[in-house]
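Me: Please take a close look at one part of this protein for me: the salt bridges. Which side chains pair up, and where do they sit?

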Amino acid sequence: MIKKTIKVFCITAGMLVILFFFRAQLLQSIGNFLILSSQPEKSDVIWVIDYNLECIETLHENGMGKKIAIIGGSGLLDLKALGVDYSLSDTFKMQLVKKGIHGEAIYVNKTDSGLSQEIQEVLFYCKKNNFKSVLVPIEKHLSRNFYNAVKNIFEENGIVVTLYNTEPIAFKMDGWWKNEYGLLSIYGEYSKIFYHLLNLDEQ
């Protein structure tokens with residue numbers, strides 16, 4: 001009994017030592033799992049998920065998307081207090097126009113009811129205009145869950161979705177565990193995975 005206890009203790013201690021010395025690699029792998037590699041392709045429309053002005057401008061200028069779709073974006077409270085009903089999407093559109101992008105190339109829908117509703121709005125926009133491809137710039141740690149949420153829905157309607165992975169703005173992926181926002185973001189993405197695996201989203 002004593003020998004068995006000592007053996008279990010030694011194995012456990014050994015595993016803890018290994019985890020300690022390789023913790024950085026392990027944590028890096030945890031973050032990397034969330035990243036879905038995708039080869040960006042020229043598309044009919046760029047769907048704005050992250051309000052990354054420079055990224056959207058560059059993709060459009062390089063011909064990666066003929067149109068830009070901005071969905072959602074709740075009203076800015078400081079402007080509402082002044083009686084001005086400008087949403088985040090309105091403000092982003094104005095900044096794109098200032099960068100030289102023609103206003104007619106930018107579609108805005110202020111629907112702000114979560115991803116499921118935004119998917120339906122983008123899908124409706126694509127079908128209405130006979131668009132067959134969508135490019136989505138997105139922070140890389142969000143890519144796997146986002147793609148899993150939209151892939152089948154768009155494919156069933158003959159629309160191809162590709163991703164353009166960008167670096168997170170608030171933290172670095174090679175040290176996400178050192179940043180509070182990184183910890184919260186990675187935890188949130190894994191919560192979505194477990195939620196889906198347990199089929200809680202279908203109940």
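Reply: Here is a walk through the salt bridges, pair by pair. The model is predicted. A search of the whole structure gives 4 salt bridges. Three of the pairs, among them one between two loops, are described here.

Start with Lys-140 and Glu-167. Their closest N and O atoms are 2.7 Å apart. Lys-140 sits in the loop between strand E4 (133-139) and helix H7 (143-155), and Glu-167 sits in the loop between strand E5 (160-166) and helix H8 (180-197), so this salt bridge ties together parts that are 27 residues apart in sequence. The two ends differ in burial class. Lys-140 has a relative accessible area of 18%. It counts as buried because the cut-off is under 20%. Glu-167, at 48%, is partly exposed.

Next comes helix H7. Here Lys-151 and Glu-155 form a salt bridge, at 3.2 Å from N to O. They are 4 residues apart in the helix, so about one helical turn separates them. Lys-151 is partly exposed at 28% relative accessibility. Glu-155 is partly exposed too, at 44%.

Helix H8 holds another pair, Glu-189 and Lys-192. The closest N and O atoms of this salt bridge are 3.0 Å apart. The spacing is 3 residues, about one turn of the helix. Glu-189 is buried, with a relative accessible area of just 4%. Lys-192 is partly exposed at 46%.

Why do such pairs form? Side chains of opposite charge can pair when their charged atoms come close.

Methods:
Residues are numbered from 1 along each chain as its sequence is written. This is a predicted model: local features need pLDDT of at least 70, side-chain atom pairs count only at pLDDT 80 or more; totals for chains, interfaces and linings use all residues. Side-chain values use heavy atoms; hydrogens and water are left out. A salt bridge is a side-chain nitrogen of Lys or Arg within 4 Å of a carboxyl oxygen of Asp or Glu. Helices (H or I, at least four residues) and strands (E, at least two) are DSSP runs, numbered from the N terminus. Buried means under 20% relative accessible area, exposed over 50%, partly exposed in between (1.4 Å probe, protein chains only).
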